[in-house]
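Biologist: Please take a close look at the part of this protein that faces the DNA, and go through it slowly enough for a first-year student.

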Amino acid sequence: MAIDVATMRDLQYKVAAQVDLTCAFSSLHEIKTVAGADVSCDMFSRIGYAAVVVYSYPSLKRIEEAGVKRELDIPYIPGYLSFREGPLIHECLKKIKARPDVLICDGQGLAHPRRAGLACHIGVSEDLPTVGCAKSRLIGEYHALLDDRGERSELYDKNERIGVVLRSRSRVKPLFISPGHKMDIDFAADLVLSMCKFRLPEPIRAAHNYVNWLRKSDAS
DNA sequence: GCGACAG
DNA sequence: ATCTTGTCGC
């Protein structure tokens, strides 16, 4: 029997209470390694594949990676993604030899109804600086942005600033960036932009490719 | 009640 | 997220 929504919601309030929005770094120069995490699943199967790939910073060279195949505990429920993907990402992190300075997650961080998105949940439980980098919006309002790379718009929920909508590449759909843990909004956006050769930051692209490689090469 | 809704 | 190849545009 899977965990119920009420229990997950209560856990999210506890996670939110532990989130630290003070950036662990005073400058991007202090960062030496950045990891990206991603999860992919078979359609109508409960099997999921996850990967964490570590990159050097700012040289952006691949250093190491870890993959995992495991059954997903619960289905995808908007607002509760961390309970579905979190466990697999934690297993990948255990396999990584050197702890990365920062972990970028494929999903929201602070920009969540209870301020406890995937990046916050992973960050708090691993006590690791994390960034939420989502490809679409979960909550929050923002103004349209210009279409040049680097353009950004504040993401607000009521009167609270919860993230930044960032154009990581000219003329492509923007990214929704929000801090996970030991991170602040603007630093998170600066870090992500500095790692974007294409729409997604390199560590996330690598994790996405690796996870799909795992899944496909497994069905044979 | 109705619409929105990370991956 | 997933089913899917080539193709058009910057």
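Modeller: What follows goes through the two DNA strands in turn, then a histidine and some aromatic rings.

This is a predicted model, in which local features need pLDDT of at least 70 and side-chain atom pairs count only at pLDDT 80 or more, while totals for chains, interfaces and linings use all residues. Residues are numbered from 1 along each chain as its sequence is written, chains are lettered from A and ligands numbered from 1 in the order in which they are written, and side-chain values use heavy atoms, with hydrogens and water left out.

Start with DNA strand C. A residue counts as near a strand if one of its heavy atoms lies within 4 Å of it. Around DNA strand C are Ser40, Cys41, Met43, Lys135, Arg171, His208, Asn212 and Arg215. By class, these residues are two nonpolar, three polar and three charged. Here Ala, Val, Leu, Ile, Met, Phe, Trp, Tyr, Cys and Pro count as nonpolar, Asp, Glu, Lys and Arg as charged, and the others, Gly among them, as polar. Strand S1 (33-41) and helix H5 (202-216) each supply at least two residues of this surface, and H5 gives the most, with three. Helices (H or I, at least four residues) and strands (E, at least two) are DSSP runs, numbered from the N terminus.

Which atoms of DNA strand C come within 4 Å of the protein? Sugar or phosphate makes up 100% of them. Three side chains make polar contacts here, a polar contact being a pair of N or O atoms within 3.5 Å; within protein, one must be able to donate a hydrogen and the other to accept it, and residues adjacent in sequence count only if both atoms are side-chain atoms. Polar side-chain atoms lie 3.4 Å from a phosphate oxygen of DNA strand C in the case of Ser40 and 3.1 Å in the case of Asn212. For an N or O atom in the side chain of Lys135, the distance to a phosphate oxygen of this strand is 3.0 Å.

DNA strand B has 17 residues around it, of which Tyr76, Gly79, Gln108, Lys135 and Ser136 come nearest. Of the atoms of DNA strand B within 4 Å of the protein, 53% belong to sugar and phosphate. The surface near DNA strand B has seven nonpolar, six polar and four charged residues. A polar side-chain atom of Tyr76 is 2.6 Å from a phosphate oxygen of this strand. Backbone atoms reach the bases: a polar one of Gly79 is 3.0 Å from a base nitrogen of DNA strand B, and an N or O atom of the Gln108 backbone is also 3.0 Å from a base nitrogen.

Gly79 leads on to His112. The backbone oxygen of Gly79 lies 2.8 Å from a polar side-chain atom of His112. His112 sits in the loop between strand S4 (102-105) and helix H3 (118-126). His112 counts as buried because its relative accessibility is 3%; buried means under 20% relative accessible area, exposed over 50%, partly exposed in between (1.4 Å probe, protein chains only).

Back in helix H5, Tyr210 and Trp213 are three residues apart, which means about one helical turn. Trp213 counts as exposed, at 53% relative accessibility. Arg62 lies over the face of Tyr210, 6.0 Å from the ring centre; a charge sits over a ring if NZ of Lys or CZ of Arg is within 6 Å of the ring centre and within 35 degrees of the ring normal.
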